[in-house]
Amino acid sequence: MKIPEYYAGYADVCVIGAGHAGVEAALASARLGFSTILFTINLDAVANMPCNPSIGGTGKGHLVYEIDALGGEMGRAADKVMLQSRILNLGKGAAVHSKRIQADRAEYKRIMKKTIEETPNLRLIQAEVTDIHCEETPDGKRISSVVTQLGARWDCKAAIICSGTYLRGKIIVGEVSYSSGPDGMLPANELTANLEREGVTMMRFKTGTPARVHCDSIDYTKLEIQPGDDFVEPFSVDSDRDELQSREQIPCHIVYTNEKTHSIIRENMSRSPLYSGMIEGIGPRYCPSIEDKVMRFADKERHQLFVEPMGKDTKEMYIQGFSSSLPEEVQMKMIHSLPGFENAEVMRTAYAIEYDCIDPTQLYATLEFKNISGLYGAGQFNGTSGYEEAAAQGLVAGINACLKIKGEEPMILTRQSSYIGTLIDDLVTKGTKEPYRIMTSRSEFRLLLRQDNAAERLTPIGRRVGLISDARYAEFEAEQDAIKREVKRLESTSLPPSDTLAAILEENGSTAVTTGIRIADLLRRPELSYEKLAPVDTSRPDLPPRVRTQAETAIKYAGYIKRQLAEVARTAKLEEKKLPTPFDYSKIKGIRLEATQKLNKFQPANIGQASRISGISPADISVLLIYFSSNGKDLLK
């Protein structure tokens with residue numbers, strides 16, 4: 001039955017879905033001065049964390065710092081709800097140091113919802129968007145309005161779809177399956193077909209989440225304790241570092257599966273929807289279910305699990321690494337086989353969830369659809385996995401929607417500039433066959449893209465688009481000046497031989513010195529650090545931790561950084577060589593058929609992007625350069 005439509009009103013930007021992508025998109029749009037509506041299926045699901053009650057992690061922490069540097073909200077909210085903070089990979093180089101916090105899930109939702117409600121230009125409406133309307137223009141289709149399940153038509157200049165795992169969501173537990181969104185919310189069942197009507201290509205992915213257990217039913221004496229770090233550096237430059245440092249952290253715990261756990265899983269694999277064919281969607285490779293891990297890594301005697309609190313005012317505990325879609329009765333046996341969980345009371349059963357998403361190669365690097373002007377996608381709708389990946393895309397989509405309405409140049413972040421740029425470039429040039437997760441290994445420039453220098457890389461861009469205030473930018477410039485002064489001081493200050501210096505060198509297995517030596521030369525020794533040299537560096541100023549870290553890194557890795565900067569300069573030249581969009585590449589002779597098909601499908605914005613498309617060879621790139629240099633005149637500049 002066709003629901004009658006009625007005109008409900010107008011907003012410059014309509015954001016569909018209030019998860020982590022939708023929140024950032026809506027806040028960015030409203031803060032840039034555009035009337036914005038944020039639609040959500042349920043007001044209680046705003047900024048929900050249906051899976052891990054955590055923010056950050058390897059690669060993901062970098063994204064949170066970058067979101068903050070651009071003027072996004074995730075880092076500020078994460079600092080407010082931090083229960084525990086840890087820097088991962090401290091035993092490795094600075095490039096892969098990644099902050100991860102345990103978050104108070106309910107408090108995060110409350111803070112984000114309150115922020116949205118108090119933001120000028122922004123309306124929050126509980127409604128399921130079931131359709132979009134487009135109009136034909138001389139340049140092709142353009143978004144004109146969105147329609148809710150109750151028939152309300154909201155006209156708009158731009159719309160951003162941030163549907164998470166709600167599109168035709170289906171929960172699967174063993175032999176049982178039913179239509180549902182995450183956490184028992186209603187699914188969004190109608191939008192998919194209407195997007196397909198407009199020519200959008202859809203895919204089907206799957207993810208999962210572990211059971212939650214009552215904390216008082218766990219015997220913690222059988223678990224390993226995992227405390228937080230002694231020193232806490234905030235995600236956001238706006239956060240109070242002293243308050244974070246003084247906050248009492250809640251410990252997490254570690255437990256391991258055992259042979260009994262594995263036997264239970266193996267004995268019940270015939271009932272696993274993963275192996276029975278009940279699950280159609282493709283799951284995340286880097287976050288597999290426990291049954292998948294047991295089958296794929298049959299030689300492993302145990303798997304590490306992390307027992308993490310869901311919040312200060314709840315008894316729920318999250319068992320990270322124990323997601324499953326096995327039947328509930330089997331899950332109970334698995335949980336009770338873990339040391340300390342013999343009498344555990346399950347509060348929420350683990351489940352798998354299937355959902356619709358798009359092939360992200362349909363998007364430009366702005367996250368706008370190529371065939372529908374003004375329509376953008378962000379988050380799991382684009383085939384990614386994770387709160388941080390979603391928030392980053394939402395921020396980019398929100399900014400670009402506003403820049404397009406203003407008629408200004410879009411914000412396109414490159415691989416050389418950020419992990420956000422790497423994430424989006426991977427999606428739009430390569431696509432994904434599974435839920436995409438950011439990792440430090442995905443970037444060829446990771447020494448330049450550290451979490452400690454996110455502000456240096458991206459705050460000027462956030463300032464240009466209008467999300468960084470005058471006061472914050474002044475603080476940023478002062479911090480950059482302080483870093484430069486400290487690098488100069490370390491390069492120019494020499495230390496004479498002394499008993500104290502000799503003791504430090506001996507203690508750290510470093511070669512002794514008999515003459516004066518610059519502090520910078522000592523810092524370049526892998527075994528020494530800024531902190532270790534404090535007793536002999538008596539003239540050093542009292543500097544914030546982030547300034548010290550960046551100054552030390554700039555000196556310690558100067559040679560590597562110089563080489564990566566040279567590579568960046570080389571690749572940047574390819575990014576500067578723009579290509580026309582749209583363009584019919586079948587006009588060009590000398591390009592292989594496969595390359596022609598790929599170029600016509602992806603419509604790359606520049607030569608650099610074209611070179612990263614799978615199936616495009618160096619010979620094809622040479623043909624493009626020759627053709628556009630001779631025929632395009634101004635195109636390749």
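Where along the chain is the place of Pro 582? Pro 582 sits in the loop between helix H18 (558-576) and helix H19 (593-602). Welcome to this structure, which is a predicted model. The chain has 21 helices and 23 strands. With a radius of gyration of 26 Å, close to the 26 Å that the globule rule gives for 637 residues, the chain is as compact as a globular protein of that length. The points below begin with the whole chain and then visit two strands and a handful of loop residues.

**The chain as a whole**

- Taken along the principal axes, the C-alpha atoms of the chain fill a box of roughly 85 × 75 × 50 Å.
- Of the 637 residues, 58% count as buried.
- Among the contacts in the chain with a separation of 6 or more, 73% are between residues 24 or more positions apart.
- The accessible surface of the chain comes to about 26,600 Å², and carbon and sulfur atoms account for 51% of that surface.
- The chain carries 80 positive and 85 negative charges, and the mean positions of these two sets are 5 Å apart.

**Strand S5 and its partners**

- Strand S5 covers residues 98-103, and six of its six residues are buried, so this strand is largely enclosed by the rest of the structure.
- In a regular strand, side chains alternate between the two faces of the sheet.
- On one side of S5, Ser 98, Arg 100 and Gln 102 are all buried; on the other side, Lys 99, Ile 101 and Ala 103 are buried too.
- Strand S3 (residues 54-56) pairs with S5 in the antiparallel sense, over three bridges.
- Strand S4 (residues 82-88) also runs antiparallel to S5, and six bridges join the two.
- Arg 100 is a handy residue to look for in S5: Gly 56 stands opposite Arg 100, and Arg 100 is also the bridge partner of Arg 86.

**Strand S12 and its partner**

- Strand S12 (residues 202-209) is mostly covered, with eight of its eight residues buried.
- Both faces of S12 are covered. Met 202, Arg 204, Lys 206 and Gly 208 are buried on one side, while Met 203, Phe 205, Thr 207 and Thr 209 are buried on the other.
- S12 pairs with strand S19 (residues 351-358) in the antiparallel sense over eight bridges.
- Within this pairing, Met 203 has Cys 357 in S19 as its bridge partner.

**Two buried serines in loops**

- Ser 323 belongs to the loop between strand S17 (316-320) and helix H10 (328-336).
- The relative accessible area of Ser 323 is 8%, so Ser 323 is buried.
- Leaving aside neighbours within four places in sequence, Ser 323 is in contact with Gly 208, Thr 209, Pro 210, Pro 288, Ser 289, Ile 290 and Glu 291. Two of these names may look familiar: Gly 208 and Thr 209 also appear among the buried residues of S12.
- Ser 163 is found in the loop between strand S9 (152-161) and strand S10 (170-173).
- Ser 163 has 8% relative accessibility, so this residue counts as buried.
- Not counting residues up to four places away in sequence, Ser 163 touches Ile 16 and Phe 381.
- Ser 163 and Ile 16 are 147 residues apart along the chain, yet their C-alpha atoms are separated by 6.4 Å.

**Backbone details to look for**

- A cis peptide bond joins Thr 581 and Pro 582, with omega of about -5°. This brings us back to Pro 582 in the loop between H18 and H19.
- Asp 183 is not a glycine, but has a positive phi of about 55°.
- Asp 183 lies in the loop between strand S11 (176-179) and helix H5 (191-197), and is partly exposed with a relative accessible area of 23%.
- Gln 603 is not a glycine either, and has a positive phi of about 50°.
- The place of Gln 603 is in the loop between H19 and helix H20 (607-611), where Gln 603 is buried with a relative accessible area of 10%.

Key. Residues are numbered from 1 along each chain as its sequence is written. This is a predicted model: local features need pLDDT of at least 70, side-chain atom pairs count only at pLDDT 80 or more; totals for chains, interfaces and linings use all residues. Side-chain values use heavy atoms; hydrogens and water are left out. Buried means under 20% relative accessible area, exposed over 50%, partly exposed in between (1.4 Å probe, protein chains only). Helices (H or I, at least four residues) and strands (E, at least two) are DSSP runs, numbered from the N terminus. Two strands pair if DSSP finds at least two bridges between them. The radius of gyration is taken over C-alpha atoms; the globule rule is 2.2 Å times the number of residues to the power 0.38. Contact means heavy atoms within 4.5 Å. Accessible areas come from the Shrake-Rupley method with a 1.4 Å probe; for residues, only the protein chains shown count as cover. Lys and Arg count as positive and Asp and Glu as negative; His and the chain ends are not counted. The place of a charge is taken as NZ of Lys, CZ of Arg, CG of Asp or CD of Glu.
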